[in-house]
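Subject: Handing over the structure

Dear colleague,

I am passing on the structure we talked about, so please open it below and keep it in view while you read my notes.

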Amino acid sequence: MRVCVIGLGQIGLPVARYVHAKGFEVWGYDINPNTIETARKREKLRLTISWKDIPKVETYIVCVTTSQVNGNPDLSAVFEVCKKISEKASPSTLVSIESTIIPGTSRKILEDIFKGKVNLVHVPHRYWADEPVKHGVNQIRVIGATDAQSLKRGLEFYQEALGIPLHTVSSIEIAEMCKITENSHRYLQIAFAEELKMMSARIGLDFEELRNACNTKWNVDLPEAKEGIGRHCLPKDIKYLTSLTPSALLESAINVDKEYREWLSKKQCNDYGIKASARRLVGHSNPENIHRDPHTFTRSPREGLLDNCNGKKRHPNHRHARNTKSTIPQSRRIWNNAQREVGG
Ligand SMILES: NC(=O)c1ccc[n+]([C@@H]2O[C@H](COP(=O)([O-])OP(=O)(O)OC[C@H]3O[C@@H](n4cnc5c(N)ncnc54)[C@H](O)[C@@H]3O)[C@@H](O)[C@H]2O)c1
């Protein structure tokens, strides 16, 4: 049986690899030629940037980018690829959206793009790149479908053929809501830890000692407060949730994280001086990722550190601008300056 994985980034490529290992003929499609070229060197998969090369397949798995513009969900890549799938799909086709979306997306796609004529499921990802075996493709996942037939097809594919343990929910909207709820929950936990760390410093207590002591209680699990809530999923997914309905709690958590980053960067500038802070910045960011995706730097929890150290004001449109291509040269410039600063 043939499967096509669309979007071969952090989750798409491991998905394609996993499905291939289960004996399927796997085709991979991505719009980024660099992604395809890099993946070709490592994978024995049929990979292409040309949609017309993809043959008719029984199952499509959508793993493309979802992002935000001005704090609102940008799901355009998901809609775009579903339009492409609709050119090749038949009523027996199974389409699974694994990208993170918001409630209502799958049903809109089914009606507006597929005109009700495919089997559609949503199986959000819980992939954790730092622990790909324990928290990889085949950890327990949630599945929701647009109707009973789609659910049957989804269970046959994921559970029986791929051996992925599933938790079935009664509607696709619940499945869509799951991922953004899970990530917002994590965001809240970390924001609370950040708040506690700032409070502890103000009253002269050691946060780590406090955290370790509290975590000895059976129902407490305070996470570390590191360098701000980074990577691209948590900050995006909490915004997806607040885009649905206002939440004072979630907005406060977003503000706490912002305050914490400023507090931390000022503290580090005081503790180590500008030069050492720049060294830490360079040391903690991953040059390979920056080469692959310059947005990685702008998403880094450490963004703003140098600006703060240099006492510069941020551009008022900075948050908006970081979702646009115009920030790429800026992020490269900051990166280069930081490297020069440490003689790298
Ligand atoms: N990375 C994670 O750990 C993780 C975990 C859970 C959920 N998710 C979700 O999975 C989705 C993908 O995340 P990712 O981390 O793999 O992103 P990524 O940026 O690493 O990869 C996305 C890929 O999609 C491709 N793409 C974008 N638009 C396309 C289009 N129109 N046609 C074909 N390909 C296209 C990009 O070129 C890129 O290679 C997102 O919705 C994300 O929120 C990611």
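What follows is a short account of what was found, beginning with the strands, then turning to the nonpolar core and ending with the ligand.

Please keep in mind throughout that this is a predicted model. A good place to start is strand β4, which covers residues 59-62 and is joined by four bridges to strand β1 (residues 2-6), the two running parallel. On another side of the pairing, four bridges also join β4 to strand β7 (residues 94-97), and these two strands run parallel as well. Threonine 59 shows both pairings, since its bridge partner is valine 3 and it also stands opposite leucine 94 in β7. Both faces of β4 are covered, with Thr59 and Ile61 buried on one side and Tyr60 and Val62 buried on the other.

The largest nonpolar core has 67 residues, and those that touch the most other members are Cys4, Val5, Ile6, Val62 and Val95. Helix α6 (residues 172-202) gives the largest share of this core, eight residues, and the core draws at least three residues from each of domain 1 (2-170) and domain 2 (178-341). Leaving aside its neighbours within four places in sequence, valine 95 is in contact with several residues, among them Tyr60, Val62 and Ile85.

Turning to the ligand, there are 25 residues around it, of which Gly7, Gly9, Gln10, Thr66 and Ser99 come nearest. This shell divides into twelve nonpolar, eleven polar and two charged residues, and its largest share, three residues, comes from helix α3 (residues 76-88).

With best wishes

How values were computed
Residues numbered from 1 in each chain as written. Predicted model: local features only at pLDDT ≥ 70, side-chain atom pairs only at ≥ 80, totals over all residues. Near = placed C-beta within 6 Å. Nonpolar A, V, L, I, M, F, W, Y, C, P; charged D, E, K, R; others polar. Buried ≥ 20, exposed ≤ 12 C-beta atoms within 10 Å, placed from the backbone. Pairing = 2+ DSSP bridges. Core = buried A, V, L, I, M, F, W, Y, C linked by C-beta atoms within 7 Å. Domains from an automatic or database assignment. Contact = placed C-beta atoms within 7 Å.
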